[in-house]
Structure formats: structure tokens, C-alpha cells
Amino acid sequence: MPKAYVFTRYGGPETEALVEQDRPSPGPGQVLVAVRAAGVNPVDWKQRTGYARPGAGARELPAVLGNEVAGVVEELGPDVTGFTVGDEVFGNPVAGGYAEYALLPTAVTAHKPAALSFTDAAALPIAAATAYDGIHQLGLPSGATVLITGAGGGVGVAATQIARALGLTVVGVASEGKKDFVEELGAVHVPSGPDLAERVRAAAPDGVDAVFDLVGGEVLEAAATSLDDRTKLITGADRETAARLGGGPVERARTAAVLDEVARLVVDGRLRPFVTGTFPLDRAAEALRTVEDGHARGKIVIEVAR
């Protein structure tokens, strides 16, 4: 039977297990995909602890972990058009992606370009798409300055590159250990930690035109002090604090069109997924711990052997 990495109840890592499950069957508007790679994101372990996006219903347990995959279409659900068996695709699964098979809704599934590997494609539907949505939501003109917190993480790495491709100056907040990495992306590095606001002012003495927060909490509060127009403050990490400060959340498009755009950026050489670690499915726990510990650079991906 196919294998999947699940959490059996809400809680910590002790709730996770590699199990065998029946191969799922696609419903209307869905395709069954043989997974080749699955991206690992902070939202994965947060969902294990009970987090759910606003408006999302309760998940049936055990629940498969993971929110982005790339693979090959094996079966079409009723009324599906635009896809055929054998197509190489990537997107957001209906209910988990750390598995040998996953169901994908066609609305958030895109065809994988031949020049894009399964591993790199699996790194795009959450991090790169969130970054794309956020940077375009800010709508800054070329030459403007954006402050990105968490610039060394999966979304931050993509957001920095997309911003630079649009001609923006990026001030990137990340740990001291990620300084060279952030500067390699073309950003001005500002180390995280106490007195962050003062270091941001030193790095951008004329101020910043927008803040794209990916950390939340005290980091978000400190970053906000550098911004006069709080409508240009968005977060992918802390809606409550952002609202209190006059900002708001990243408005996610969640469309196949955005996936097509980020894939095109990769193929054109303007966006590197920066997959810095890969793990087989039977080591999914290690992959998730790498992200959950908060020290990963770039993206971590689970590769599913065939």
C-alpha cells in the first residue's frame, strides 16, 4: 500500500508517523498525482499543533502533512479538463503532500515546465507563490525600498529575489549566520535581535517604503517603526499584530496562474528556489524538524522515490 507521513492527533512531533494508506481517488475537479517531491514549510508543523487558516474546516485525523507537491498525473477526476494522464504538474494538495500519492485541485495545479525539476517545482506553491502575491500586493515602483523580515527563510528568499527582479531595493532581516546568504540574494543584510529598529534605520537612513514581514511578534513591531505608511505593511506570520499596527495579511491569490508565473521566473533565471536540503519520505521527520527548528536556509524538500 502507498505510504504517507501523517499526524495522528494535534500536538508535537510525537504525534507523527509513517503509515500505509489506500490510494486516494480523485473527485470532481481533482487529479491524482504520483508525488515526486513535496515541499516542507512552517505551516506544516503549525497545522499539526492545531492551526488552521481562517475559514478552513476541521481536518479528519490522521491527516497527511504537507501543502505543496510536484509529480505526475495518474488519474483524472470527473469533469477535469486541461490535464491528461502523464502530465508533469505541481501545486497545492487537497489534504497533504508528504505521500506517494496526493489529490490536487485543478484550480491550484499548474503544468511543470520541462526545464524545471520536480524538486524545485515542489518548492514553489507555498513559499514562492506567497512571496509573489505579497510583493505584487505592495505595488511598489522600481527604486523603492522594501524591508523583508525573515529574509533567509523559504518565503523570504523568494520575496527578496522577486523584489530585486522588479527593481526594488531590499533590506533583509535575518540572523548573523545568514548574512552572506542574504547578501548573495542582492539584499542589504540587517542582523536580527535586540535594537533591530536602530539597525534598520542605519541601513536605510531615508526610511523604507514597505515592510513584508515573515516573522511576526517583536520583530514585526520593530520593523513597523521604520514605516510611515502602515498600509504598506503586510505579514505572512502574524495577522493580529499587523492589524494592531495598521497593516494586514498577505492576500493570497491561490491560482494556477500565479504558479505559472513563478515557474516562468525560475526558468528565466530570475528566481532560484534555493533548495538547500532534501530528504527521502522515510526521513520526513528529519525534514520537518529542520524547518520547525527555525534554522533552515532556503527550502527543504522531501523526494519520493519511484
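Let's start with a charged residue and a ring: Lys112 lies over the face of Phe118, at 4.7 Å from the ring centre. Keep in mind as you look around that this is a predicted model. A similar kind of arrangement involves Arg23, which sits over the face of Tyr101, 5.3 Å from the centre of that ring.

Next, look at rings that pair with other rings. How many aromatic pairs are there? The count comes to 2 aromatic pairs. One of them joins Phe7 and Tyr10, with ring centres 5.7 Å apart; their planes meet at 45°, so this pair is tilted. Tilted is the word here because the angle is neither under 30 degrees, which would be stacked, nor over 60, which would be edge-to-face. Are these partners buried or exposed? Phe7 counts as buried because its relative accessibility is 0%, while Tyr10 is partly exposed, with a relative accessible area of 40%.

The rings of Phe181 and Phe274 also pair, with their centres 5.2 Å apart, and since their planes stand at 80°, the pair is edge-to-face. This pair links distant parts of the chain, 93 residues apart. Phe181 belongs to helix H5 (residues 179-184), whereas Phe274 is in the loop between helix H9 (256-267) and strand E15 (275-280). Phe181 is buried, at 6% relative accessibility, and Phe274 is buried too, at 11%.

Now move to helix H6, which spans residues 196-203. Which of its residues are buried? They are Leu196, Ala197 and Val200. These residues cover an arc of only 100° around the axis, and so they lie on the same side of H6. What do they pack against? Their partners are strand E9 (145-149), strand E10 (169-174), strand E11 (188-191) and helix H7 (217-224).

Our last stop is Thr235, a residue of strand E13 (residues 233-235). Why does Thr235 count as buried? Its relative accessibility is 2%, and buried means under 20%. The side chain of Thr235 makes a polar contact of 2.6 Å with the side chain of Asp213. That Thr235 side chain also reaches the backbone nitrogen of Asp238, at 3.0 Å. Leaving aside residues up to four places away in sequence, Thr235 touches Asp213, Leu220, Ala242, Gly248, Pro249 and Val250. Asp213 therefore turns up twice in the story of Thr235: as a polar partner, given that a polar contact is a pair of N or O atoms within 3.5 Å, and among the residues that Thr235 touches.

Terms used
Residues numbered from 1 in each chain as written. Predicted model: local features only at pLDDT ≥ 70, side-chain atom pairs only at ≥ 80, totals over all residues. Heavy atoms only, no water. Buried < 20%, exposed > 50% of the residue type's maximum accessible area, 1.4 Å probe, protein only. Helix = DSSP H or I, 4+ residues; strand = E, 2+ residues; numbered from the N terminus. Arc of directions from axis to C-beta. Contact = heavy atoms within 4.5 Å. Polar contact = N/O pair within 3.5 Å; in protein donor to acceptor, adjacent residues only side chain to side chain. Phe/Tyr/Trp six-rings, centres within 6.5 Å; stacked < 30°, edge-to-face > 60°. Lys NZ or Arg CZ within 6 Å of the ring centre and 35° of its normal.
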